[in-house]
Amino acid sequence: SPVPNVVWMIDNHVAQYTESAKDADILFGAHSWGYQHEDKRFRWLPCAYSPAEHFDTHSEKNLDLIFVGVLYPHRVKLLEKLADMSPTGVGVGMGVLGKEYNDENNRARIGLCLSACGDVPMRVFENAAQGLLIFCDLQKDLSKLGLKDGIHYVGLGSTEEAVTKFKIMLNTPEMVAQIAKSGKDALREETYETRVQQMFSYL
């Protein structure tokens, strides 16, 4: 095409974009590390959320925690342990999109954002916008987004640590609400509209 061509590599933590990136002028990677991050055309451009699709409905919270996404074995293992501890229940879903996705996440106070391999997924931005506390593993780009453990999210380094912190959160709803608000405020501008403007600024 006779205009600048870009590729936004959302999955550059697990996949190369060799063919689609061949003729691109700029490669945007959702993760600052991973495949092709050393290419001279590479620019870091994280995932985001859509305010029209991901928002707090202020509905009743009848679940302690929720995870909607692909159920990899390491996620299932942790979810089973957390479900055993939860008095009101843990929500688990897969293949849910649109309004149903937003409504399901709005049922919970805490969103489990356990990454595939240390990447910051879309779910972090989406759950924050939905008003959930982000309960996540120590993803590599969190600090680059200006996020701090215990202030904007609650980090977990192991299953044992996750169990201990989940138990604390179950007994401190005020803390959960405060961290959820801080996370939401910190990521408020991280929308797809913002990302498009950032793309244009590079061009």
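This short talk covers the pockets, a surface patch and the salt bridges of one predicted model.

Let me begin with the pockets. The largest pocket encloses about 570 Å³ of space. Its lining consists of 26 residues, and those nearest the centre are Gly69, Val70, Pro121, Met122 and Arg123. Two elements, helix 2 (98–105) and helix 3 (122–129), each give two or more residues to this lining. Helix 3 provides the largest share, with 3 residues. In terms of chemical class, the lining of the largest pocket has 13 nonpolar, 7 polar and 6 charged residues.

The second largest pocket has a volume of about 170 Å³. Which element contributes the largest share of the lining here? It is helix 5, with 6 residues. Helix 5 spans 173–186, and strand 6 (108–113) likewise supplies at least two residues. Among the lining residues of this second pocket are Asp56, Lys61, Arg109, Gly131 and Lys184. By class, the lining divides into 5 nonpolar, 1 polar and 5 charged residues.

I turn now to the surface. Val70, Leu71, Tyr72, Val92 and Met94 make up a nonpolar patch, and together they have about 430 Å² of accessible area. Val70 has already appeared in this talk, as one of the residues nearest the centre of the largest pocket. Met94 sits in the loop between strand 5 (90–93) and helix 2. Met94 counts as exposed because its relative accessible area, 53%, is over the 50% cut-off.

The last topic is the salt bridges, of which the model has 10. Arg109, also a lining residue of the second largest pocket, pairs with Asp64, and the closest N and O atoms are 3.2 Å apart. This pair links distant parts of the chain, since Arg109 belongs to strand 6 and Asp64 to strand 4 (residues 63–68), 45 residues apart. Is Asp64 buried or exposed? Asp64 is buried, with a relative accessible area of 6%.

A further salt bridge joins Lys165 and Asp149, at 3.9 Å from N to O. Lys165 lies in helix 4 (residues 159–170) and Asp149 in the loop between strand 7 (133–137) and strand 8 (154–156), so the pair ties together parts 16 residues apart in sequence. Asp149 is partly exposed, at 38% relative accessibility.

Finally, Arg188 and Asp185 form a salt bridge with an N to O distance of 2.5 Å. Both partners are partly exposed: Arg188 has 40% relative accessibility, and Asp185 has 34%. Elsewhere, salt bridges with shared partners connect Asp149, Glu161 and Lys165 in one network.

Conventions: Residues are numbered from 1 along each chain as its sequence is written. This is a predicted model: local features need pLDDT of at least 70, side-chain atom pairs count only at pLDDT 80 or more; totals for chains, interfaces and linings use all residues. Side-chain values use heavy atoms; hydrogens and water are left out. On a 1 Å grid over the protein atoms alone, a cavity is a set of points where a 1.4 Å probe fits but cannot get out, and a pocket is an open set with protein on both sides within 12 Å along at least five of seven lines; lining residues have an atom within 4 Å of a point. Grid points are joined across faces, edges and corners, and a volume is the space filled by probe spheres set on the points. Helices (H or I, at least four residues) and strands (E, at least two) are DSSP runs, numbered from the N terminus. Ala, Val, Leu, Ile, Met, Phe, Trp, Tyr, Cys and Pro count as nonpolar, Asp, Glu, Lys and Arg as charged, and the others, Gly among them, as polar. Patches are made of residues with over 30% relative accessible area and no salt bridge: like charges are joined within 9 Å, nonpolar side chains (Val, Leu, Ile, Met, Phe, Trp, Tyr) within 5 Å. Accessible areas come from the Shrake-Rupley method with a 1.4 Å probe; for residues, only the protein chains shown count as cover. A salt bridge is a side-chain nitrogen of Lys or Arg within 4 Å of a carboxyl oxygen of Asp or Glu. Buried means under 20% relative accessible area, exposed over 50%, partly exposed in between (1.4 Å probe, protein chains only).
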